[in-house]
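Colleague: Could you walk me through this one? I'd like to hear how the pieces fit together.

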Amino acid sequence: MRRALWKGAISFGLINIPVELFTAEKNDELDFHLLDRGDLAPVGYKRVNKKSGREVPWENIIKGYEYEEGKYVLMSDEDLRRANVEATQSIDIQSFVEVKQVPILYYEQPYYLAPSKGGDKAYALLRETLLSSGKMAIAQIVIRTRQHLAALLPQGEMLNLITLRYPTELRAPGDIAVPSRTAKKSGVSKQEVEMARALVEHMSADWAPEQFRDTYRDDVLALINKKIKSRQTHEVAEPDDRQAAPVGSGKVVDLMALLKSSLEGRGKAAKSSHKTDTGQIEEAAKPRAAKGASVHKLPARKPTTKKAAAVKAKPKAGKSAIAARAGAGRSNAKRAQA
C-alpha cells in the first residue's frame with residue numbers, strides 16, 4: 001500500500017477534515033550512473049566532514065542553523081514540529097478563488113489528498129462544494145521544513161493539492177523583448193490571425209494525455225537495447241542506495257457539527273478552542289548509509305559462431321605488415337653479410 005507523505009487535517013472555519021497527502025508525480029527520467037572512464041567503477045557522492053575529510057553516516061548528521069560564522073543552533077525534527085504544531089499538521093484554507101484567476105506560472109507540485117479514518121463525509125462535502133461552486137481553495141501547508149502556498153481543487157472523486165509558488169519566487173519578465181500586441185507594431189494582420197485561428201480549429205481535439213509519449217526517452221532506450229544486443233555492455237558493482245522511510249500516525253477530530261456556526265461568522269472566534277489532537281509530519285524518505293553492494297550480471301554470452309571465430313583468428317593487417325617488413329629486413333641483412 002502506498003505510504004502517505006504527510007498526515008493532518010484540512011481546516012476552514014470550524015471544520016477539520018482528517019486527510020493524508022500522497023505524491024502524484026512520478027519521475028520518469030532515465031537514470032544514468034556516473035562511471036570512472038578508467039575502470040568503469042561507479043562514482044558516488046559522499047557526505048564528507050570538511051574538517052577531517054572523513055565520510056559521515058546519515059545517522060550522525062543533524063540540522064544546524066548558522067546564526068553567526070561558525071556558530072550554529074541545532075534543530076531536530078521534533079524541534080521543527082514543536083515550533084508550530086498546528087501549522088505542521090493542518091492544511092489551513094485561507095480563501096476560495098476562481099480557478100482561472102491563478103496564472104499557470106504559480107503551479108508547482110501535484111499531490112493527492114485522501115480522507116483519513118472518520119473523514120469521508122467531510123471530505124465529500126468539501127469536494128462537492130468546490131465542484132458546484134467552480135472554485136478552488138487557497139491554503140497553506142508545512143511539508144518537511146517549509147510552509148507552502150497550495151491550491152485544493154477536485155478532479156473526479158479525488159481532491160488534489162497543488163503547491164503554488166509565492167510571488168517572490170517568480171522572476172519578473174523585466175527587459176525580455178516580446179512583440180507588442182498592437183497590430184501595427186507586431187506586423188500581424190487581421191487576415192493572418194483568422195487563418196491561424198482556422199488552423200487551430202482544425203487541429204482542436206479533446207484533451208487525451210494518454211496519446212502522448214516521451215519519444216526521446218523511447219529513442220534512448222532503443223539505442224540502449226541495441227547496444228545490449230550487440231554486447232556493448234560492461235559489468236560493474238553498484239552500491240545499494242535503497243532508502244527507508246519511517247512510519248507515523250495522525251488522529252484528527254471531525255467537527256462537522258460546527259459547520260453552521262462557521263457559516264454564521266462565529267468560526268474565527270471559536271476556532272482556537274477546537275484544535276486537532278495529534279499530528280506528525282511524514283518525511284517522504286529518510287536516507288541512511290548503504291551497507292552493501294549488489295552486482296548486476298549480464299546474460300550469458302552465446303557461443304561464438306564459425307564465422308566470428310574465423311574473423312577472430314585472422315591476423316590484423318597492422319601486425320602482418322610489421323612482420324613482413326621485419327622479414328624483409330632480415331633477408332637484406334643476410335645478403336649484405338654474404
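**Strands, helix and core**

Colleague: Which residue in E8 stands opposite Val142?
Modeller: Bear in mind it's a predicted model, where local features need pLDDT of at least 70, side-chain atom pairs count only at pLDDT 80 or more, and totals for chains, interfaces and linings use all residues. Residues are numbered from 1 along each chain as its sequence is written, and side-chain values use heavy atoms, leaving out hydrogens and water. E7 (residues 135–143) and E8 (residues 146–155) run antiparallel, joined by 7 bridges. Across from Val142 in E8 you'll find Gln147.

Colleague: How many strands make up the closed barrel?
Modeller: Strands are DSSP runs (E, at least two residues; helices are H or I, at least four), numbered from the N terminus, and two pair if DSSP finds at least two bridges between them. The order is E1-E2-E6-E9-E8-E7-E5, with mixed pairing. The barrel's strand count is 7.

Colleague: At about what angle does H3 run to E8?
Modeller: H3 (residues 120–133) lies across several strands, including E1, E2 and E5. Axes are lines fitted to C-alpha atoms, for helices over the stretch in contact (heavy atoms within 4.5 Å), and angles run from 0 to 180 degrees between N-to-C directions. Against E8, that gives about 75 degrees.

Colleague: How many residues are in the largest nonpolar core?
Modeller: Such a core joins buried (under 20% relative accessible area, 1.4 Å probe, protein chains only) Ala, Val, Leu, Ile, Met, Phe, Trp, Tyr and Cys residues through side-chain atoms within 4.5 Å. Ile10, Ile91, Leu113 and Leu152 have the most contacts inside the largest one. Its residue count is 24.

Key:
Buried means under 20% relative accessible area, exposed over 50%, partly exposed in between (1.4 Å probe, protein chains only).
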